[in-house]
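Work through the exercises below on aromatic rings. Each task is followed by a stepwise solution.

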Amino acid sequence: MEAGRNTVVRVQSLVQAGLAEIPSQYIQPHENRPIHKKDNGAGIMNIPVLDLFGFDPEHRDSVRKAIGEACREWGAFQVTNHGVPIELMDQIRSVGFSFFNDCPFQDKLKYACDPTSAASEGYGSKMLVDNSNCGVLDWRDYFDHHTLPLSRRNPSRWPHFLPNYREVVGKHSDEMKVLAQKLLGLISESLGLPSSGIENAVGEFYQNITISYYPPCPQPDLTLGLQSHSDMGAITLLIQDQVEGLQVLKESQWFTVRPLCDAIVAILSDQIEIISNGKYKSAQHRAITNSRRPRLSVATFHDPAKKMKISPAFQLVNESSSPRYREVNYEDYVSSWYSKGPEGKRNIDALRINF
């Protein structure tokens, strides 16, 4: 227990205490429990792996076409030759593991999240403030960093006891912003919009980097590392380690995303589904656990500014294609997401216009 400031028990602490059975608050209802079988269906289909060819103009047409198909079919894809230094990807995985595995618990608690505030920066375990709304707890600890705009970036709130931690997170933030801008440009073009169309609709990026740590679970069939949801913002860029855990839903079946050490997973978020007027879907995804090895992932979220109003792009609305989503103030959307809980895609589904 973290007396005083935060009463949430860290999942890693439960594992280190030699827990043989998980507490009841981590047990998923039967319909949400993962089915652990060989490949979890991933041997049948998997999200596309797209070579970006370093954004070489000679390959732009073919890359744009492949991205458009992946956005229509999956809402998620992996990219290689993306321009982000592989050394930097290794470094952020390394400092993330070091924080969770090498730092004393009391030192980590110095950076604990505010337990009374949603989306607060720091070391935490609960995604939502009021657990009565989110139901079951996730088998995950995390450290969330506010990185963009630069006015939100305060490295003094990031761990100081790892020599290069703050430097690596800062560099990672900058590289992910560039990649997000390039991918959104291609996604815009694949919709027939100007290259800057989606980025203009989103406005200045609000970027968060969340390093998630999933400890081994003694009963992985009963719980989830991260509950099923779609991300609320524009685009998420995810780096995995070599342990499988990320799953994407397609046609009512869950598929495990095979980790590639030099690839970055791009996950479309809810505002892209709205801007595209439903031509592209945000990806519903979750994380499963295992009983053998810890898993680490680094998610970089790129969200609209809170005051932005998001609606279908006017170029995609006409007599034959009516608007399929109501306009929404992004601040209101975030508030709803955190107060009601994600539960799949129910938040964006609430904005659908029925014909």
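**Exercise 1.** Classify the burial of Phe99 and Phe161.

Solution. In this predicted model, local features need pLDDT of at least 70, side-chain atom pairs count only at pLDDT 80 or more, and totals for chains, interfaces and linings use all residues. Residues are numbered from 1 along each chain as its sequence is written, and side-chain values use heavy atoms, with hydrogens and water left out. Buried means under 20% relative accessible area, exposed over 50%, and partly exposed in between (1.4 Å probe, protein chains only). Phe99 has 1% and is buried. Phe161 has 24% and is partly exposed.

**Exercise 2.** Classify the ring pair of Phe100 and Tyr213, and locate both residues.

Solution. Rings of Phe, Tyr and Trp (its six-membered ring) pair if their centres lie within 6.5 Å; planes under 30 degrees apart count as stacked, over 60 as edge-to-face and the rest as tilted. For Phe100 and Tyr213 the centres are 5.0 Å apart and the planes at 10 degrees, so this pair is stacked. Phe100 belongs to helix α3 and Tyr213 to strand β5 (residues 206-214), so the pair ties together parts 113 residues apart in sequence. Helices (H or I, at least four residues) and strands (E, at least two) are DSSP runs, numbered from the N terminus. Phe100 is buried at 2%, and Tyr213 is buried at 4%.

**Exercise 3.** Which ring does the charged end of Lys250 sit over?

Solution. The criterion is NZ of Lys or CZ of Arg within 6 Å of the ring centre and within 35 degrees of the ring normal. Lys250 sits over Trp74, 5.2 Å from the ring centre.
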